[in-house]
Amino acid sequence: MATVDEGTAGEDGVRRRDFIYVATGAFAAVGGAAMVWPLIDSMNPSADVLALASVDVDLGPIAPGQTIKVMWRGKPVFVRNLTPEEQDAANKAPMSELRDPQTLADRTKEGHRNWLVTLGVCTHLGCVPLGAAEGEVRGDYGGYFCPCHGSHYDTAARIRKGPAPTNLEVPEYAFKSPTQIQIG
């Protein structure tokens, strides 16, 4: 009686050993993925970080000329309601005198030129400039002043004097309504 060798092909041309190899490989791949997934999933942002991904700000109580400070992703954000005089001062600044030339229109949203939203972090060494709270020193140009190293920002939060290399950063934000913005 002839015996069928397990290594030879059967009538359908498939060896039993091939099936065992494929089944073992598939089992190992699924097991490897099951072990690696928790590691990859642990790299996703936690719930408290996702909660800070965006922040809504009510603009209604902010009077012209007033600045408020809100926290977003652990950083202060200055939201300023520019007066017509502050807007004029920003628009009249010669671009040739600016270290990081940007117009007020570059730093604000169309139709909402009186609202300036910037990160409240000095671009020199990461200090928090003064000028957001009532009575704080606003520097030589009426904007913000970083007392740590003497950086002066104008009413459009552009660097005008001192060691800071660039303007205060404008974060991503959008108007949800005429009196509410979402930062982030």
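1. The protein has 4 helices and 9 strands, where helices (H or I, at least four residues) and strands (E, at least two) are DSSP runs numbered from the N terminus. Read from the N terminus on, the order of the elements is α-α-β-β-β-α-α-β-β-β-β-β-β. This is a predicted model, in which local features need pLDDT of at least 70 and side-chain atom pairs count only at pLDDT 80 or more, while totals for chains, interfaces and linings use all residues. Residues are numbered from 1 along each chain as its sequence is written, and side-chain values use heavy atoms, with hydrogens and water left out.

2. On overall dimensions, the radius of gyration of the protein is 30 Å, whereas a compact globule of 184 residues would have one near 16 Å; the radius is taken over C-alpha atoms, and the globule rule is 2.2 Å times the number of residues to the power 0.38. The C-alpha trace spans about 105 × 35 × 25 Å along its principal axes.

3. On surface and burial, the protein exposes about 11,100 Å², of which carbon and sulfur atoms supply 59%; accessible areas come from the Shrake-Rupley method with a 1.4 Å probe, and for residues only the protein chains shown count as cover. Of the 184 residues, 30% are buried, where buried means under 20% relative accessible area, exposed over 50%, and partly exposed in between (1.4 Å probe, protein chains only). There are 17 positive and 22 negative side chains, and the centres of the two sets lie 6 Å apart. Here Lys and Arg count as positive and Asp and Glu as negative, with His and the chain ends not counted, and the place of a charge is taken as NZ of Lys, CZ of Arg, CG of Asp or CD of Glu.

4. Among contacts (heavy atoms within 4.5 Å) between residues at least 6 apart in sequence, 52% join residues at least 24 apart.

5. In soluble globular proteins, nonpolar side chains tend to be buried together. The largest nonpolar core of this model has 16 residues, and those with the most contacts inside it are Leu104, Cys122, Tyr144, Tyr153, Ala157, Ala164 and Leu168. A second, separate core of 13 residues includes Leu59, Val77, Val117 and Leu119. A nonpolar core is a set of buried Ala, Val, Leu, Ile, Met, Phe, Trp, Tyr and Cys residues joined through side-chain atoms within 4.5 Å.

6. Cys122, a member of the largest core, sits in the loop between strand 4 (115-119) and strand 5 (142-146), and counts as buried because its relative accessibility is 4%. Leaving aside neighbours within four places in sequence, Cys122 is in contact with Cys127, Pro129, Cys146, Ser151, Tyr153, Ala164 and Leu168. By contrast with these contacts, the C-alpha atoms of Cys122 and Thr179, which are 57 residues apart along the chain, are separated by 27 Å.

7. Two residues deserve a check of their backbone angles, given that most residues other than glycine have a negative phi. Arg73, in the loop between strand 2 (67-72) and strand 3 (75-81), has a positive phi of about 55° although it is not a glycine. Ala157, in the loop between strand 6 (151-154) and strand 7 (159-161), has a positive phi near 60°; with a relative accessibility of 0%, Ala157 also counts as buried.

8. Arg80 lies in strand 3 and, at 0% relative accessibility, counts as buried. Apart from neighbours within four places in sequence, the contacts of Arg80 include Gln66, Thr67, Glu86, Trp115, Arg138, Tyr144 and Thr155. The contact with Thr67 is also listed from the other side: Thr67, found in strand 2 and buried at 6% relative accessibility, touches Phe78, Val79, Arg80, Gly131, Ala132, Arg138 and Tyr144, again not counting residues up to four places away. From C-alpha to C-alpha, Thr67 and Asn81 are 6.4 Å apart in space and 14 residues apart in sequence.

9. Thr103 is found in the loop between helix 3 (84-92) and helix 4 (104-107), and is partly exposed, with a relative accessible area of 30%. Beyond its neighbours within four places in sequence, Thr103 is in contact with Met95 and Arg158. For Leu104, the corresponding contacts are Leu82, Gln87, Ala90, Asn91, Arg113, Ala156 and Arg158.
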